[in-house]
Amino acid sequence: MPNDNKQKPILIVNQSAPYGNANAKESLDLALASSAFEQALSILFTGDGIYQLLPKQSPDDIQSKNLLQMLKALPIYGVEQLYVDQQSLTERGITELDTQLPIVLVNSVEISRLYHDAQTVFRF
Amino acid sequence: MILHTLNKSPSNEALSEQLSQVIQADDQVILLEDGVYHSLLENNDTSHWLGIAAHVHALNDDLKARGLTSNNSAIKTIDYADFVRLSSECDKVIAWY
Amino acid sequence: MIFSVLVLGAPYSSGASYSAYRFAQAALDADHNESHNKNHSANHNECHTIHRIFFYQDGIHSSSQLATPPQDEFNLYQAWQDLQSTYDLDLVTCIAAAVRRGVIDSGEAKRHNKLQHNMSTNFSLSGLGQLVEANALSDRVITFGR
């Protein structure tokens, strides 16, 4: 990265379910690129985006790569926490997320803070 | 101060809800594309972004194209030069789509 | 002020590309006016530059050279190409998103053994790092979503 001393923290918001379209995959690609350039990065899962975190995904028979497996690799790339909208879970009746993900549940005040702390927000 | 842009009509309720959750009283909103249909609504509900935002603007070309004129006194009509100016005046721009 | 622009929607299926084009044009016009009127105090336009316009997801379709709208319709594809030539803009199309969707340049055609290529030479194919860099080097990233 060229010498730039200003912090430009990035927030990536995932609000799309996996597999139905490319949003989840193309969001992950941007997350990996951001961390490769050592940018400050937070990732929030909200709305239908929380479906990306359900355990036991097996998309082999729809000829797709397992998105959950790729999300599990994020800590290796320096993304230590995945923020998850508690209210979106409740609204969708979801009680169980994949236990190997470094999940932090957040409420609406904390979500608002994530948006305000970022310089740039990318939504997928 | 954040500038929010919104390009979907009011039928996309989930989007309005998300924006309402994030927006603060000194923030501004620009309605563009199908977002300009929000200008038909009046909403003073303090839990809805329309009732929270300090200023709401709508792109004139997108209003005119859709047969709308801004009769809503709470919404200012702007052009793209204003969009650029507001983008530089606010601390950051978040797109809702 | 330094802007970068992110385009996520394709022409015809979304207004993103057209709105982004109008925004870029307005930002550069303000710049143009400024340079013509810098001795006149009446002009308060701020001087803007566009560091990069990045086309990602379905946004990559704007860089097709082969799209041919009817003559009585606005040709957004041509408009982007003209804007690029006029202002020497850095229009970058995400290589991973574009190659998947069938928009490739001559280099990628050769690499993937394709007989044809269809990307406008006013655009360049590059990686997502170019978007990350644009974010780091710009004051604002303005996103035009689907």
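## Surface and size of chain A

Chain A exposes about 6100 Å². Carbon and sulfur atoms supply 47% of that area. The model is predicted.

The C-alpha trace of chain A spans about 45 × 35 × 25 Å along its principal axes. Its radius of gyration is 14 Å. A compact globule of 124 residues would have a value near 14 Å, so the two agree.

## Fold and interior of chain A

Four helices and five strands make up the secondary structure of chain A. Along the sequence they follow the pattern β-α-β-α-β-α-β-α-β.

How much of chain A is buried? Buried residues make up 48% of its 124 residues. Contacts in chain A with a separation of 6 or more can also be sorted by sequence distance. Of these, 74% are between residues 24 or more positions apart.

## Charges of chain A

Chain A carries 9 positive and 14 negative charges. The mean positions of the two sets are 4 Å apart.

## Where chain A meets chain C

Chain A is in contact with chain C. On the chain A side, 23 residues take part; on the chain C side, 21 residues do.

The size of an interface is often given as the accessible area lost when the parts come together. Between chain A and chain C, the buried area is about 1700 Å². Carbon and sulfur atoms give 55% of it. Which three residues of chain A supply more of the area that chain A buries against chain C than any other three? They are Lys8(A), Glu26(A) and Phe122(A), with 30% of that area.

## Fold and size of chain B

Chain B has four helices and five strands. Read along the sequence, the pattern is β-α-β-α-β-α-β-α-β. Chain B has a radius of gyration of 12 Å, and the globule rule gives 13 Å for 97 residues. The two values are close, so chain B is as compact as a globular protein of that length.

The C-alpha trace of chain B spans about 30 × 30 × 25 Å along its principal axes.

## Interior, surface and charges of chain B

In chain B, 55% of the 97 residues are buried. Take the contacts in chain B between residues at least 6 apart in sequence: 71% of them join residues at least 24 apart.

The exposed area of chain B is about 4100 Å². Carbon and sulfur atoms supply 45% of this area. Chain B has 6 positive and 14 negative charges, and their mean positions are 5 Å apart.

Note on methods. Residues are numbered from 1 along each chain as its sequence is written. Chains are lettered from A and ligands numbered from 1 in the order in which they are written. This is a predicted model: local features need pLDDT of at least 70, side-chain atom pairs count only at pLDDT 80 or more; totals for chains, interfaces and linings use all residues. Side-chain values use heavy atoms; hydrogens and water are left out. Helices (H or I, at least four residues) and strands (E, at least two) are DSSP runs, numbered from the N terminus. The radius of gyration is taken over C-alpha atoms; the globule rule is 2.2 Å times the number of residues to the power 0.38. Buried means under 20% relative accessible area, exposed over 50%, partly exposed in between (1.4 Å probe, protein chains only). Contact means heavy atoms within 4.5 Å. Accessible areas come from the Shrake-Rupley method with a 1.4 Å probe; for residues, only the protein chains shown count as cover. Lys and Arg count as positive and Asp and Glu as negative; His and the chain ends are not counted. The place of a charge is taken as NZ of Lys, CZ of Arg, CG of Asp or CD of Glu. Buried area is the accessible area (1.4 Å probe) that two parts lose on being put together, summed over both.
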